[in-house]
Amino acid sequence: MRTQVGIVGAGPAGLLLSHLLALRGIESVVVELRSRAYCEARQRAGVIEDGSVRLLRAAGLAERLDRQGLEHGGIYLQFAGERHHIDFRELTGGRTVTVYAQTEVVKDLIAHRIAAGGALHFDVTDTEVDLLESDQPVLRFTDADGVRQELRCDAIAGCDGFHGICRPAIPPGLTTVRERDYPYSWLGILADVPPSTDELIYAHHRDGFALHSLRSPTVSRLYLQVDPDESIENWPDDRIWAALQRRFELPGSGWELKQGPVLDKGITPMRSFVSAPMRYGRLFLAGDAAHIVPATGAKGLNLAIADVTVLAPALDALLHGDDGPAAAYSAICLSRVWRSTHFSWWMTTMLHRTPGADEMEAQLQLSQLRYLVSSRAAATCLAENYTGYPPGSATRPS
Ligand code: RFL
Ligand code: PHB
């Protein structure tokens, strides 16, 4: 078998790349370890930057997003028993973010690829990439019927997430890895209850960080900082709600956190990770396969979208004999990746409680938070980074 671009992974990066290539008349095959149902139900991101929304719209993918996505013009920062609004629209000349779940982005992308007759193989096993330094790299996998397949490609895109096989296929010594593990994880729940807030609440609390997000006018998404080695079995629903109630409490305000049935729960480690360069021969890494950010900055999905927006035209040029844009791919992406890595690290360390930290850390965090809500310059810095940068640009806002 032959295709122009072999794509490993049907997450947002792989699926969007396949769509963007098809718009350019380039054929691709996507291979995915998991089932379609699993990919469409995996609870992850919820916040889409302004520029990512515009990109999805320009690619003809935003019909449902435009109907169901919830535009948000700010966030709340809560600390020391006070809740403050950061107004993105006002601070950035009208920029916003949109709450639309990654599950819905993935459903939309899969539906579009299938409607367009795109080749998508779910439930594959034993994926391998080979001959990456040649002009005809090879992608091998065993399909859902147990048949071993070999695809000869012009290029391979490694969109297989942090635990995939593409990044490790680059010979040791040719990549530089920068990473940081944080001494906490996030316990996330999806709850069948209308959100108790009109904008996301990022809460700094002595017990640890908490985040109130949402998925729709009837479904809430909430997160709690927990110890890195916590097991979900230790967190029955009533313990989770009690911790959330404490961390979001606003005495005297009349505000209440509404509780409802828990539909899904899980624990996610917090990590920063950047592997460079994002290209080896004819293998190009995109999204979580190359970099991970802690979720506090809401950047991971947006970085995956930004990477493939750069990669699609670069592969188009490469397939037409011009290596220039492909040679520039890694450096262009890494400039945005590092901006988002810094922002996510900054938000994370400002809002979480480091286990065993002393009063010095707490006072430094509170001082930074007070500065953010009292200085227009500081608030603009947060707003500009949170609403993000247009895909395809390096890191400059339009
Ligand atoms: P994905 O989504 O991990 O997809 C990779 C796919 O590759 C498959 N795969 C393989 N397929 C074939 N052969 C193999 N050997 C394979 N190995 C793996 C996997 O099954 C999978 O389907 O990576 P991608 O496409 O790069 O997308 C990245 C995003 O998923 C991720 O960055 C975001 O979810 C991060 N993130 C957030 N990002 C945001 O922009 N805004 C947010 O609000 C936000 N919140 C979050 C988040 C991530 C979270 N978790 C659970 C990590 C909140 C959470 C809790
Ligand atoms: C989410 O809704 O899942 C979400 C929102 C904001 C974040 C992280 C996750 O910073």
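Colleague: How far does a backbone N or O atom of Thr296 lie from an oxygen atom of ligand 2?
Modeller: This is a predicted model. A pair of N or O atoms counts as a polar contact within 3.5 Å. The backbone atom of Thr296 meets that cut-off, with a distance to the ligand 2 oxygen of 3.1 Å.

Colleague: Which residue has a side-chain N or O atom 2.7 Å from an oxygen atom of ligand 2?
Modeller: A polar backbone atom of Arg44 is 3.4 Å from an oxygen of ligand 2, but that contact involves the backbone. The side-chain atom at 2.7 Å belongs to Arg215.

Colleague: How much of the area that ligand 2 exposes when taken alone does the protein bury?
Modeller: Taken alone, ligand 2 exposes 280 Å². The share of this area buried by the protein is 97%.

Colleague: Which element gives the most to the shell around ligand 2?
Modeller: Two elements give two or more residues each: strand 14 (200-203) and strand 15 (210-216). The largest contribution is 3 residues, and it comes from strand 15.

Colleague: Which class, nonpolar, polar or charged, has 8 residues in the shell around ligand 2?
Modeller: The shell includes 3 polar and 2 charged residues. The class with 8 is nonpolar.

Colleague: Which helix gives the largest share of the largest nonpolar core?
Modeller: That core has 67 residues, and Leu16, Leu17, Leu139 and Leu315 have the most contacts inside it. The largest share is 10 residues, from residues 300-319, which form helix 8.

Colleague: How many residues are in the other core, with Phe343 and Trp346 among them?
Modeller: This core lies apart from the largest one. Met350 and Ala378 are also among its members, and its size is 33 residues.

How values were computed:
Residues are numbered from 1 along each chain as its sequence is written. Chains are lettered from A and ligands numbered from 1 in the order in which they are written. This is a predicted model: local features need pLDDT of at least 70, side-chain atom pairs count only at pLDDT 80 or more; totals for chains, interfaces and linings use all residues. Side-chain values use heavy atoms; hydrogens and water are left out. A polar contact is a pair of N or O atoms within 3.5 Å; within protein, one must be able to donate a hydrogen and the other to accept it, and residues adjacent in sequence count only if both atoms are side-chain atoms. Accessible areas come from the Shrake-Rupley method with a 1.4 Å probe; for residues, only the protein chains shown count as cover. Helices (H or I, at least four residues) and strands (E, at least two) are DSSP runs, numbered from the N terminus. Ala, Val, Leu, Ile, Met, Phe, Trp, Tyr, Cys and Pro count as nonpolar, Asp, Glu, Lys and Arg as charged, and the others, Gly among them, as polar. A nonpolar core is a set of buried Ala, Val, Leu, Ile, Met, Phe, Trp, Tyr and Cys residues joined through side-chain atoms within 4.5 Å. Buried means under 20% relative accessible area, exposed over 50%, partly exposed in between (1.4 Å probe, protein chains only).
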